[in-house]
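Here are some exercises to work through with the model open in your viewer. Try each task before reading its solution.

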Amino acid sequence: MKAAQSMIQIIPSITIYKGKCVKMAPGDFENAEVFDNDPIELAQSFEDHGIKRLQLVDLDGAKRGRVVNHNILRMITSYTNLAVDFSGGILTDSDVRIAFENGAKYITADNVAANERNFFASWVVSYGREKIVLSGDARDGKIVTHGWQKKTDIDLMEFLGYFVERGIKYVKCTDLNQVGQMQGPAFDLYKNILETYPDIYLLASGGVRSIDDIIKLEEIGVHGVMFSTAYYQGKIDLKDLEKMIVQAS
């Protein structure tokens with residue numbers, strides 16, 4: 001049985017493309033919006049406000065099919081105590097080792113899980129279910145891979161069920177219809193996932209607009225929430241997040 005938690009994990013997301021912090025519409029690399037934030041300074045700012053975990057997305061890696069921004073990962077893990085969940089371009093055992101050798105506490109992968117299921121399942125055994133996160137990013141109930149560029153015919157719920165049977169613990173799910181739209185998370189989808197697979201630790205991503213959305217996700221039973229657009233647009237203030245963290249501690 002899944003252990004109870006004191007509060008939802010609050011996980012800011014930093015996406016790196018060409019060395020810059022960016023956000024983009026799903027699969028639209030050419031029109032990625034660049035922010036001036038230095039990724040290391042931004043990570044330190046999150047930590048200063050009580051954040052414990054960070055998602056770092058290597059968009060260059062996702063596009064090229066190999067880990068690219070391991071230097072930024074190493075800098076963040078060297079200059080903060082954040083538990084970094086690293087994703088993007090992780091396709092081989094070598095990619096996994098590069099991520100862990102540069103300080104990642106977790107790695108998240110989707111392409112391998114979608115295209116080489118047994119190989120990905122072997123990572124859960126080799127590296128441990130505490131370190132491997134399954135990415136279940138989907139549009140209209142179908143898995144999307146390759147940096148949100150390639151839609152498959154793989155049913156999301158069947159996909160999750162396959163890996164639940166093989167011991168997966170952490171699942172990150174993004175409803176791509178919600179990404180960057182500031183229309184709210186896919187609450188009904190997350191409810192359905194947790195009702196179907198109650199023992200997974202679900203990380204919700206996409207559509208978060210406010211602290212109220214985070215509270216609602218917590219009430220549903222979501223383990224962690226990832227966000228970026230709401231922060232960059234000033235909808236979520238780090239001081240408010242800090243208050244939530246302090247109240248829960």
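What follows is a set of exercises on a predicted model, each with a worked solution.

**Exercise 1. Strand 1 and its partners**

Find out which strands pair with strand 1, and in which sense.

Solution. Start with strand 13 (residues 224-227): strand 1 (residues 9-17) pairs with strand 13 in the parallel sense, over 4 bridges. To see the register, look at Gln9, which stands opposite Gly224 in strand 13.

Next, go to strand 4 (residues 53-58), which runs parallel to strand 1 and is joined to strand 1 by 4 bridges. Here Ser13 stands opposite Gln55 of strand 4.

Finally, take strand 2 (residues 20-23), where the pairing with strand 1 is antiparallel and has 3 bridges. Tyr17 has Lys20 of strand 2 as its bridge partner. Strand 1 and strand 2 form a hairpin with 2 residues between the strands, and in that hairpin Lys18 has a positive phi near 55°.

**Exercise 2. Thr15 and its surroundings**

Decide whether Thr15 is buried or exposed, and list what Thr15 touches beyond its sequence neighbours.

Solution. First place the residue: Thr15 sits in strand 1. Then check accessibility. The relative value for Thr15 is 14%, and the cut-off for buried is under 20%, so Thr15 counts as buried. Now the contacts: leaving out residues up to four places away in sequence, Thr15 touches Lys20, Cys21, Val22, Val57 and Leu59.

Step back to the strand as a whole. In strand 1, 8 of the 9 residues are buried, so the strand is largely enclosed by the rest of the structure.

**Exercise 3. Both sides of strand 11**

Work out how many residues of strand 11 are buried, and which strands are joined to strand 11 by bridges.

Solution. Count first: strand 11 (residues 170-174) has 5 of its 5 residues buried, so strand 11 is largely enclosed by the rest of the structure. Split the residues by face and you get Tyr170, Lys172 and Thr174 on one side, with Val171 and Cys173 on the other; both faces are covered.

Now the pairing. Strand 7 (residues 132-135) runs parallel to strand 11, and 3 bridges join the two. On the other pairing, 5 bridges link strand 11 with strand 12 (residues 201-205), again parallel.

Lys172 is a handy residue for tying this together: Lys172 is the bridge partner of Ser135, and the bridge partner of Lys172 in strand 12 is Leu203.

**Exercise 4. Helix 6 against two helices**

Describe how helix 6 packs against helix 7 and against helix 4, giving angle, handedness and contact residues.

Solution. Begin with helix 7 (residues 156-164). Its axis and that of helix 6 (residues 117-127) come within 10 Å and cross at roughly 45°. That makes helix 6 oblique to helix 7. The crossing is right-handed. From helix 6, the contact takes in Arg117, Asn118, Phe120 and Ala121, while helix 7 supplies Glu158, Phe159, Tyr162 and Phe163. Sorted by class, the contact residues of helix 6 and helix 7 are 5 nonpolar, 1 polar and 2 charged.

Move on to helix 4 (residues 93-101). The axes of helix 4 and helix 6 are 12 Å apart, and the helices pack at an angle of about 40°. Helix 4 and helix 6 are therefore oblique to each other. Helix 4 and helix 6 make a right-handed crossing. Asp93, Val96, Arg97 and Phe100 of helix 4 meet Phe119, Trp123 and Tyr127 of helix 6. The class tally for the contact of helix 4 with helix 6 is 5 nonpolar, no polar and 2 charged residues.

**Exercise 5. A sheet with a helix on it**

Give the strand order of the open sheet of 3 strands, name its edge strands, and say which helix packs on the sheet.

Solution. The order is 8-9-10, and the pairing is antiparallel. At the edges are strand 8 (138-139) and strand 10 (150-155), each pairing on one side only. Strand 8 pairs with strand 9 (residues 142-145) over 2 antiparallel bridges, and Arg139 has Lys142 of strand 9 as its bridge partner. The helix on the sheet is helix 7, which touches strand 8, strand 9 and strand 10. The direction of helix 7 makes about 70° with that of strand 10.

Definitions and conventions
Residues are numbered from 1 along each chain as its sequence is written. This is a predicted model: local features need pLDDT of at least 70, side-chain atom pairs count only at pLDDT 80 or more; totals for chains, interfaces and linings use all residues. Side-chain values use heavy atoms; hydrogens and water are left out. Axes are lines fitted to C-alpha atoms, for helices over the stretch in contact, and angles run from 0 to 180 degrees between N-to-C directions. Angles under 35 degrees count as roughly parallel, over 145 as roughly antiparallel, 65 to 115 as roughly perpendicular and the rest as oblique. A crossing is left-handed if the near helix is turned anticlockwise from the far one by less than a right angle, and right-handed if clockwise. Contact means heavy atoms within 4.5 Å. Ala, Val, Leu, Ile, Met, Phe, Trp, Tyr, Cys and Pro count as nonpolar, Asp, Glu, Lys and Arg as charged, and the others, Gly among them, as polar. Buried means under 20% relative accessible area, exposed over 50%, partly exposed in between (1.4 Å probe, protein chains only). Two strands pair if DSSP finds at least two bridges between them.
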